[in-house]
Amino acid sequence: MKKITTVLLSAILLGACETTPKKEQIAVNYPVTKKVDTVDNYFGTEVQDPYRWLEDDRSAETEAWVKTQNETTFGYLEQIPFRSAIKNRLEKLWNYEKVSSPFKEGNHTYFYKNDGLQNQSVVYRKKGDEEAEVFLDPNSFSEDGTTSLAGLSFSKDGSLAAYSISEGGSDWRKIIILNTADKTVVEDTLVDVKFSGISWKGNDGFFYSSYDKPKGSELSAKTDQHKLYYHKLGTPQKSDAIIFGGTPAEKHRYVGGGVTEDDRYLIISASVATNGNKLFIKDLTQPKGKLITILDHTDTNSYIIENVGSKLYIVTDMDASNQKIVTVDASNPTPDNWVDFIPETEHVLSPNTGGGYFFAEYMVDAISKVMQYDYDGKLIREIELPGVGSAGGFGGKKEDVEFYYSFTNYNTPRSSYKYNVNTGESVTYWSPEIDFNPEDYISNQVFYTSKDGTKVPMIITHKKGVEMNGENPTILYGYGGFNISLTPSFSVVNAVWMEQGGIYAVPNLRGGGEYGKKWHDAGTKLQKQNVFDDFIAAAEYLIENNYTSSDYLAIRGGSNGGLLVGATMTQRPDLMKVALPAVGVMDMLRYHTFTAGAGWAYDYGTSEESKEMFEYIKGYSPVHNVNAGTAYPATLVTTGDHDDRVVPAHSFKFAAELQEKQQGENPALIRIETNAGHGAGTPISKTIEQYADIFGFTLYNMGFEDLPNKAVLKEFKD
């Protein structure tokens, strides 16, 4: 392992002499970013916003700024000597066949397959023992691979399919309808669909959701008027009926509608934020039937998972932080009449149905455990999983005798298993052939103590035999928000990192869903600092236990995780060598004024709701806590120029602040993917290029002049 001696930050601060040679830094001349005189007043406090002009991500001036920033960034990255070797290894390891679990629609069995390096996975189908054929190839949607398949839904008998596409990573979708027999398009494309499922009512039409698309900049979208529509086949989209939403009494940011498997009920969920929902039901067998209210408030998360006739099965966290299933009759479905079916346990419940059974998946310290119940609530069996990790699937139609589930963990590539609901037998359906041996790696779960004494779990994965000497390049990845749980899963990019002797650590921070609603709420609003404290404590644990040190630690996260990285690096710039915030929410005072941002207020609160909330948010907002004269870690901000979820202005402003105020030689760069959005549907080729840049940047700034494990990548060097 060949390293370049670096001057420790602590030595610089103490004025110590450095006698060993320093790494020759790659020169960076940052473009000058114009500053404007923009001031906002919050409860009597004036806040400067000199880079407000970068919020207009469609202007020619911003486009020119993006171009010059990318020229600077790629000029730096191109000088990293082992960047191309990492890219070549990523391509080699990524190049294996990937097959999804199959699913039945009509007379065909469908599945997704990627031959290896295809930008988008292809949808195949087969009938019986016939050879599989291509049903839908998203790689043909656009020449550059930036148009992706975003959703696929089949009519009741499988004779029709509606699929949605995303162009350039946008959250705005188009819906195209096919006759599945000959794969011909049957009518005009639906446009301007956003945050929507596609749920068929028989073969006559389907429900979908959207907003009124704004003219011009995406920043002016009204995100409190989501509406549920019904599209009847053979009629123009302009005639689609509004089923719910769009009135003064029905202003909601997220509205969704789904039809039960028996086609009897339409279920509608309506939310004003990303947490909590109202719930309604309509009997579709009664043409003039009214919408029945199940829940008229957004204090809980509740949804209907199943019905048998008029008997409804509802998953809810009402009086059950870890969720439970209740039953009620559709004629009078209010909570007063709910009866426990599968009660709450100490572990978080995520259920599914198929084959006439309920499958209750529990998270036990972020690890999957699956129990099978019948419709009387009787426990049939605990399902024996292939190992310790994450199981997914366990769902199908009621008549299915067999269906499929998947299993993975941090050092095991995803495989699929066929499960017999009557016998409980699992057999391997598909497993990958990949140039990676899981037996060479180990994952251990540890529990560490956060600042306030809370115990937090973390899974640490690395190659067996790695010496705990404090010099291992380590990526600490986190999210900590929106009730999202980080469970073990395999990643090619992480495999390449670990091949190099790298350590990959993932803590389950507060704000996530690993321990239910209480764990989530403990990382929201005026308790958001708990999330950053949990992340900081995870880094300190890794350092104290000699997994790594501050000279070899990188922190990474995306979206809400990008905020996590931004807040952590500005609060504790001494703690890590490299910071990698991706598509982050960085301007916390204004996030709610952009696109879908207002819907995130349950987790964040807003700067406008109270002086207390404003001061709290300002205290951690990354854009507002970059201080002149501070030595921040080497930082590579990543975003997409057309991200219409977390708008790129967040990253633009943060990068501009860092470039202006950074003290010392650590680079502060921004890599802006053009014609790209929030990340979903990104072409594989673009993903590989991005991670080659991220890993190259990270290792180089940790002081490596060559790859730590040269033997692994020798054949891939230029």
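This passage walks through a predicted model of one protein chain, from its overall build down to a few individual residues.

Starting with the overall picture, the protein chain holds 12 helices and 40 strands. Its radius of gyration is 26 Å, close to the 27 Å that the globule rule gives for 718 residues, so the chain is as compact as a globular protein of that length. Along the principal axes, the C-alpha atoms fill a box of roughly 85 × 60 × 50 Å. Of the 718 residues, 57% are buried. The accessible surface adds up to about 29,000 Å², and carbon and sulfur atoms account for 46% of that area. As for contacts between residues at least 6 apart in sequence, 57% of them link residues at least 24 apart.

Two of the sheets can be taken in turn. One is an open sheet of 4 strands, ordered S13-S14-S15-S16 and paired antiparallel. Strand S13 (199-201) and strand S16 (241-244) sit at its edges, and each has a single partner strand, so one side of each has no neighbour in the sheet. On average, and with direction ignored, neighbouring strands here are turned by 35° against each other. At the S13 edge, 3 bridges tie S13 to strand S14 (residues 205-210), with the two strands running antiparallel. Lys201 takes part in this pairing, with Gly205 of S14 as its bridge partner.

Just ahead of S13 comes a residue with an unusual backbone setting. Most residues other than glycine have a negative phi. Phe195, however, is not a glycine and still has a positive phi of about 50°. Phe195 lies in the loop that connects strand S12 (190-194) to S13. Its relative accessibility is 24%, which means that Phe195 counts as partly exposed, given that the buried class is set at under 20%.

The other sheet is also open and built from 4 strands, in the order S21-S22-S23-S24, again with antiparallel pairing. Its edge strands are strand S21 (302-308) and strand S24 (339-342), and each of these pairs on one side only. Neighbouring strands in this sheet are turned by 35° against each other on average, once direction is ignored. Within the sheet, 6 bridges hold S22 and S23 together in the antiparallel sense. One of the residues involved is Lys311, whose bridge partner in S23 is Asp329.

The loop between strand S22 (311-316) and strand S23 (324-329) is home to Gln323. Gln323 has a relative accessible area of 16% and is therefore buried, as that value is under 20%. A polar atom of the Gln323 side chain lies 2.7 Å from the backbone oxygen of Leu349. Leaving out residues up to four places away in sequence, Gln323 touches Leu349 along with Asn301, Tyr303, Val315, Thr316, Asp317 and Glu344.

Further along the chain, strand S38 is a well-covered element. Its residues are buried in 5 of 5 cases, so S38 is largely enclosed by the rest of the structure. In a regular strand, side chains alternate between the two faces of the sheet. In S38, Val578, Leu580 and Ala582 point one way, while Ala579 and Pro581 point the other way, and all are buried. Pairing with strand S37 (residues 553-558) runs over 5 bridges, this time parallel. Ile555 has Ala579 of S38 as its bridge partner.

After S38 there is another case of positive phi. Val583 is a residue other than glycine, yet its phi is near 35°. Val583 belongs to the loop between strand S38 (578-582) and helix H8 (601-604). With a relative accessibility of 11%, Val583 counts as buried.

Finally, Asn179 is found in strand S10 (residues 172-179). A relative accessible area of 26% makes Asn179 partly exposed. Beyond its neighbours within four places in sequence, Asn179 is in contact with Ser159, Leu160, Thr184 and Val186. Asp299 is another matter: Asn179 and Asp299 are 120 residues apart in sequence, and their C-alpha atoms are 42 Å apart in space.

Notes. Residues are numbered from 1 along each chain as its sequence is written. This is a predicted model: local features need pLDDT of at least 70, side-chain atom pairs count only at pLDDT 80 or more; totals for chains, interfaces and linings use all residues. Side-chain values use heavy atoms; hydrogens and water are left out. Two strands pair if DSSP finds at least two bridges between them. Axes are lines fitted to C-alpha atoms, for helices over the stretch in contact, and angles run from 0 to 180 degrees between N-to-C directions. Buried means under 20% relative accessible area, exposed over 50%, partly exposed in between (1.4 Å probe, protein chains only). A polar contact is a pair of N or O atoms within 3.5 Å; within protein, one must be able to donate a hydrogen and the other to accept it, and residues adjacent in sequence count only if both atoms are side-chain atoms. Contact means heavy atoms within 4.5 Å. The radius of gyration is taken over C-alpha atoms; the globule rule is 2.2 Å times the number of residues to the power 0.38. Accessible areas come from the Shrake-Rupley method with a 1.4 Å probe; for residues, only the protein chains shown count as cover.
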